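Work through the following exercises with the sequence and the coordinates open side by side. Each task is followed by a solution that proceeds in steps.

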Amino acid sequence: MIQSAVSIEYTKDTTDLFILKHKDLDVAMMKMDVRTGMIEYVLSVYLPEELPAGCAPDGTGLGEWWKLRAIPDSRKGIRQVLSRLSEATSQSLMLSSYGLSLTDHYWIQPVGQELYWKDLNFYENNFEDELGDILTDSERDRSVPDGISKLSPSVSVNGDMKKKWIIRGGRRYLLKVNPNYHSQQTVNEVIAGKLHERLGWKNYVSYDMGTIYISGRGYPCSLSPMFTSAETEFVSAYQIVADYKVPNDVSLYEALIRQAVSLGADEQEVRAFLEYMILTDFILTNTDRHLNNFGFLYDPQQHRLSGMAPLFDTGNSLFYDYDVIPHGGNLLDIPVNSFSKREADQLHYVKSDAGVKLERLAHFPQEAEALLKEYTDMTDERAAETARTIEEKIEYLNLFFQGKKIWKKERYW
Ligand SMILES: Nc1ncnc2c1ncn2[C@@H]1O[C@H](COP(=O)(O)OP(=O)(O)OP(=O)(O)O)[C@@H](O)[C@H]1O
Ligand SMILES: [Mg+2]
């Protein structure tokens, strides 16, 4: 049942001791620097099995986990927002909101206060999120309204794009916006959805386009329904390998699979997902599939990874930030931020077609071109060139499925 809005405001400076809570369970006691919002050290772990996945039983890894939940310094405009809110860092901002989020069930309770998950959590309680508005409109020159509530799920969601959580028709959606690059990142999310639809792949986040008004001007934004819930959390791939010492003879790819399986994931499901992800990212030239851009669903009752999180964040693709769109052999030399440094090299990991039936994609490049033309202000010529890269990538995958080592590019033209 949806309760009324969260309204228990947090006042700093009462203590620097905090309990890490998992819903209403006391997981650990920590000393925090309330100015910077950083975890200084873990005094005691009461329930090691309740720690975030990937943390050691003594709490090692908690500081990094906490930091990665916050807004990164690289998000445009975040410094100005923090200074307007009189917060030293995005971690202290997160602390002002008890560390509550909509990606997991953790939060932080100041020692001496008695608070309950049911009264605070953003899954069951509505939120206004005036702060989310400021976070997505940080270029606007305005002062922060007096008494603005810092209780917001938007302060505990990472990623470089400006974003906030909104409630529509009772459902929670993540709204992302970047007006640069013809707003192409937003349209790319929709194009990725069309690709998965054509391939019959079900496990993806479906992004809708919307309009957000920034400084009075409308920009396209993407809206994705929340894939977490009050029963299921998200655990990024990074989280489970961050503190894992990858043996010398094992690739990061295989190490990730080992770790996931040791935390309860099904090996075949993980492999099928990763292979599908690499292949479809290749088609769309997604250059940013880093380890926080995919991951797992976590069942906190059973303390295990219960499946793969749906594919999300395919926005940094289709040459959105390239001045000149490459073609031919240059398409096999794309630098990426993922398991390999060069996109084509990642195909080494792919052992099957993972359901990527290329014959289903006959009209997909045209569909992508039409969406780029309709929803971005790029030239028709650029949209056509972008679509041409999809065609070329599909041709390369065709060769790859025939057993050709396409990363040895000189042999194919
Ligand atoms: N629909 C969703 N439901 C629940 N959590 C989500 C959803 N979409 C994103 N997240 C969470 O929010 C984080 C940031 O989202 P996302 O990766 O889409 O942002 P981004 O700014 O595009 O990231 P990047 O910096 O990688 O470009 C994700 O890592 C994930 O933890
Ligand atoms: Mg991301």
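Two strands pair if DSSP finds at least two bridges between them. The model used here is predicted.

**Exercise 1.** Determine in which sense β7 and β8 pair, and over how many bridges.

Solution. Start with strand β7, residues 208-214, which pairs with β8 in the antiparallel sense over 7 bridges. To fix the register, take Met-209, whose bridge partner in β8 is Ser-222. Then inspect the hairpin of these strands, which has 2 residues between them and in which Ser-215 takes a positive phi near 45 degrees. Finally, turn to β6, which pairs with β8 in the antiparallel sense over 4 bridges, and where Tyr-173 has Pro-225 in β8 as its bridge partner.

**Exercise 2.** Establish which strands each supply at least two residues of the shell around ligand 1.

Solution. First collect the shell, in which 23 residues surround ligand 1, the closest being Gly-159, Asp-160, Met-161, Ser-224 and Asp-313. Next assign residues to strands: β6 (171-177), β8 (217-225) and β9 (233-236) each supply at least two. Last, sort the shell by character, which gives 9 nonpolar, 10 polar and 4 charged residues.

**Exercise 3.** Compare the span of helix α11 with the expected one, and find what covers its buried residues.

Solution. Helix α11 has 22 residues, 380-401, and from its first C-alpha to its last it reaches 32 Å, close to the 32 Å expected at 1.5 Å a residue. Among its buried residues are Ala-383, Ile-390, Tyr-396 and Leu-397, together with Glu-392 and Lys-393. The cover over the buried residues of α11 includes α9 (267-284) and α10 (364-375). After the helix comes Gly-403, with a positive phi near 95 degrees.

Methods. Residues numbered from 1 in each chain as written. Chains lettered and ligands numbered in written order. Predicted model: local features only at pLDDT ≥ 70, side-chain atom pairs only at ≥ 80, totals over all residues. Near = placed C-beta within 6 Å. Nonpolar A, V, L, I, M, F, W, Y, C, P; charged D, E, K, R; others polar. Expected span 1.5 Å × (residues − 1). Buried ≥ 20, exposed ≤ 12 C-beta atoms within 10 Å, placed from the backbone. Contact = placed C-beta atoms within 7 Å.
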